[in-house]
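Work through the following exercises with the sequence and the 3D structure open beside you. Each one sets a task and then solves it in steps.

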Amino acid sequence: MGNLTFEHGGNIYQAQRQYKRKFLDFSANINPLGLTPQIKEAIYKNFGSILHYPDPEAKNITRKIAQYWGIKEENVLVGNGSIELIYLIVSTFKPKTTLIPIPTFSEYERAARCIKSKINFLRLKEKLRFELPSAKINQADILFLCNPNNPTGNLILTDYRIIEKLPIKLVVIDEAFMDFLPDEKKHTLIWKAQKNKRIIVLRTFTKFFALAGLRIGYLVAHQSIVNKLRQYKIPWSVNSFAQLAAELILADKEYIRKARQLIEQEKKFLFNELAKIKKLTPYPSVANFLLIKISDAKFTSSLLREKLIQNGILIRDCTNFRGLNNKFIRVAVRSHNENLKLVEALKEVI
Ligand SMILES: Cc1ncc(COP(=O)(O)O)c(C=O)c1O
């Protein structure tokens, strides 16, 4: 299997190099509200901090995260994006067997491969609305659950009691897109994770808080798990600007409210418009992106991607998602004008 399998959306650099132009990026699922003026200003003001190492314990942001959720600092570990924490979990616990429902985010597989874990895949079926077939889950050391799932956009876990019954030693729940749900408090397992030694919850500032380039995420787990992971973590992996920006944005209630409102409204608009295009079927999503099926013999996802590139638009061709094929694309929900441009371009090329 070549490297291509693990390519992600959001590689605007490669696209700009190849096509020598700028793009509207629908391939990465990042909040279109973007950076706030407060964050820009704080970064300019704190430029001098580059001279020093960042706080290796990321104390201030760890405290803010703990306060935000009403949990203890000892239950929080901050990393260089949630990706650092995925690799850290796998390299620390060295699971002999890893279970991954597919289609899903490909880095769980890549991290497990790095330590030569035996990987079992469990297919999420389209006709079962990509829900987790929990009765079919066999024993494994680690199970990765992406909730809501990327790229399908649904909650694959809606009932915590299911986890309690699973024959799995450690369940890692990646909640990278959970912030987009207006009722996220009902669905997040953060409060369960702080007490339960079998659960780790991953969160990120990349998507909802639009800090993709700064690289900051965190996990919530039982104190004994956090302590163990801390021993193996790379020091200074979270830079000073990332720590600072995350602190500011987490305190910005208005940003959080506006982002949820914008995405809910625009998702409805985009979904309805896409559903009107005959050869496209969008799937319902609780996140800030839509998986779309192409039902036209002539069109593949890569052909559609190429055609949209000519219109200055980047989408995610889902061919390399294990469990999907060249009939699926994924698009982010962006601002109204951008969404309109996407819909117009799709109507034109299909
Ligand atoms: C489900 C999921 N988890 C984690 C990540 C990685 O996020 P981060 O930027 O926090 O490393 C992504 C990025 O695409 C993702 O889709």
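**Exercise 1. Find the element that gives the most to the shell around the ligand.**

Solution. Helix 4, residues 81-93, gives the most to this shell, with 3 residues; helices here are DSSP runs of H or I with at least four residues, and strands are runs of E with at least two, both numbered from the N terminus. The model is a predicted one, in which local features need pLDDT of at least 70 and side-chain atom pairs count only at pLDDT 80 or more, whereas totals for chains, interfaces and linings use all residues. Residues are numbered from 1 along each chain as its sequence is written, and side-chain values use heavy atoms, with hydrogens and water left out.

Next, take the shell as a whole: 14 residues surround the ligand, and the closest are Ser 82, Asp 174, Thr 204, Thr 206 and Lys 207 (a residue is near if one of its heavy atoms lies within 4 Å). By class, the shell divides into 6 nonpolar, 5 polar and 3 charged residues; Ala, Val, Leu, Ile, Met, Phe, Trp, Tyr, Cys and Pro count as nonpolar, Asp, Glu, Lys and Arg as charged, and the others, Gly among them, as polar.

**Exercise 2. List polar atoms of the protein that lie close to oxygen atoms of the ligand, within the cut-off for a polar contact (a pair of N or O atoms within 3.5 Å).**

Solution. Begin with the backbone, where a polar atom of Ser 82 is 2.7 Å from a ligand oxygen and a polar atom of Ile 83 is 3.0 Å from a ligand oxygen. Then turn to the side chains, where a polar atom of Thr 204 lies 2.5 Å from an oxygen atom of the ligand. Taken alone, the ligand exposes 400 Å², of which the protein buries 91% (Shrake-Rupley method, 1.4 Å probe).

**Exercise 3. Describe the pocket that corresponds to the space taken by the ligand.**

Solution. That space is the largest pocket, where a pocket is an open set of points on a 1 Å grid over the protein atoms alone, with protein on both sides within 12 Å along at least five of seven lines, and lining residues have an atom within 4 Å of a point. The volume of the largest pocket is about 1,000 Å³. Of its 42 lining residues, Ala 28, Ile 30, Thr 206, Lys 207 and Ala 212 are the closest to the centre. Helix 4 supplies the largest share of this lining, 3 residues, and the lining comprises 16 nonpolar, 15 polar and 11 charged residues.

Technical notes: Polar contact = N/O pair within 3.5 Å; in protein donor to acceptor, adjacent residues only side chain to side chain. 1 Å grid on protein atoms, 1.4 Å probe; cavity = no way out; pocket = protein on both sides within 12 Å on 5 of 7 lines; lining within 4 Å. Sits in = over half its atoms within 2 Å of the grid points. Points joined across faces, edges and corners; volume = space filled by probe spheres on them.
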